[in-house]
Amino acid sequence: MKISELYQEEPGGSFTNDDKEYDLNKVLQDVDDYPKVLFFTKDLRWVLKYDRPDKERVEKANLNSPILVTYYEDKFVVIDGLHRLAKAVKEKEKHIIGKVVPYEILDNDEIIESSFQVK
């Protein structure tokens, strides 16, 4: 089953990494055919120090839907799936399903704000 069948954001959904904004639904589509991999939750839990996941969303999180991870500055960074990661940590899961998003995908799916307006 494709990731886009399990999970989609609302139109306009985005995320920020390194002060750049990315179109989440485009990234989800672009990694649909990428293989799923298992990540050790202990290697990703550091991300939770920098954000506070909503408790209700953590409870509703579907651990069958892969998180999206990229490699940035010598470590794996969660770019989508914070609530799923929090649930996996809470439930003491050793692994979480994810997909690695290469930077080439992120470069293609960056949201570039136009510096001019067409009248």
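**Panel A. The chain holds four aromatic pairs in this predicted model.** Phe-39 and Phe-76 make one of them, in an edge-to-face arrangement. Their ring centres lie 5.3 Å apart, and their planes meet at 70 degrees. This pair links distant parts of the chain. Phe-39 sits in strand β3 (residues 37-40), Phe-76 sits in strand β5 (residues 75-80), and 37 residues separate them. Phe-39 has 7% relative accessibility, so it counts as buried, the cut-off being under 20%. Phe-76 is partly exposed, because its relative accessible area is 31%, between the 20% and 50% limits.

**Panel B. Tyr-71 and Phe-76 form an edge-to-face aromatic pair.** The centre-to-centre distance here is 5.1 Å. The angle between the planes is 70 degrees. Tyr-71 belongs to strand β4 (residues 67-72). Its relative accessible area is 46%, so Tyr-71 counts as partly exposed. Now put this pair beside the one in Panel A. Phe-39, Tyr-71 and Phe-76 form one aromatic cluster.

**Panel C. A nonpolar patch lies on the surface.** It covers about 310 Å². Four residues make it: Val-37, Tyr-71, Phe-76 and Val-100. Two of these names come back from the aromatic cluster, namely Tyr-71 and Phe-76. Patch residues need over 30% relative accessible area, so Phe-76 qualifies at 31%. Tyr-71 qualifies too, because its value is 46%.

**Panel D. Two lysines lie over aromatic rings.** Lys-42 lies over the face of Phe-40. Here the distance to the ring centre is 5.6 Å. Lys-75 lies over the face of Trp-46. For Lys-75, the distance to the ring centre is 4.6 Å.

**Panel E. Lys-26 and Asp-109 meet in a salt bridge.** Their side chains come to 3.9 Å, N to O. The bridge links distant parts of the chain. Lys-26 is in helix α2 (residues 24-30), Asp-109 is in the segment after α6 (103-108), and the two are 83 residues apart. Is each partner buried or partly exposed? Lys-26 is partly exposed, because its relative accessible area is 37%. Asp-109 is buried, because its relative accessibility is 2% and the cut-off is under 20%.

**Panel F. What does Asp-109 touch, leaving out residues up to four places away in sequence?** The list is Glu-21, Tyr-22, Asp-23, Lys-26, Val-27 and Asp-30. Lys-26 is on this list, and Lys-26 is also the salt-bridge partner of Asp-109. Look for Asp-109 in the segment after α6.

**Panel G. Lys-90 and Glu-59 form a salt bridge.** The closest N and O atoms are 2.2 Å apart. Lys-90 lies in helix α5 (residues 82-90) and Glu-59 lies in helix α4 (residues 55-60), so the bridge ties together parts that are 31 residues apart in sequence. Glu-59 is partly exposed, because its relative accessibility is 48% and exposed would need over 50%.

**Panel H. Asp-80 and Arg-84 form a salt bridge.** The closest N and O atoms are 2.8 Å apart. Both partners are buried. The structure holds three salt bridges.

**Panel I. The whole chain gives the setting for the close-ups.** Count six helices and six strands. From the N terminus on, the elements run α-β-β-α-β-α-α-β-β-α-β-α. The chain has 119 residues, and buried residues make up 38% of them. Take the contacts with a separation of 6 or more: residues 24 or more positions apart account for 75% of them. The accessible surface comes to about 8100 Å². Carbon and sulfur atoms hold 48% of that surface.

Note on methods: Residues are numbered from 1 along each chain as its sequence is written. This is a predicted model: local features need pLDDT of at least 70, side-chain atom pairs count only at pLDDT 80 or more; totals for chains, interfaces and linings use all residues. Side-chain values use heavy atoms; hydrogens and water are left out. Helices (H or I, at least four residues) and strands (E, at least two) are DSSP runs, numbered from the N terminus. Buried means under 20% relative accessible area, exposed over 50%, partly exposed in between (1.4 Å probe, protein chains only). Patches are made of residues with over 30% relative accessible area and no salt bridge: like charges are joined within 9 Å, nonpolar side chains (Val, Leu, Ile, Met, Phe, Trp, Tyr) within 5 Å. Accessible areas come from the Shrake-Rupley method with a 1.4 Å probe; for residues, only the protein chains shown count as cover. Rings of Phe, Tyr and Trp (its six-membered ring) pair if their centres lie within 6.5 Å; planes under 30 degrees apart count as stacked, over 60 as edge-to-face and the rest as tilted. A charge sits over a ring if NZ of Lys or CZ of Arg is within 6 Å of the ring centre and within 35 degrees of the ring normal. Contact means heavy atoms within 4.5 Å.
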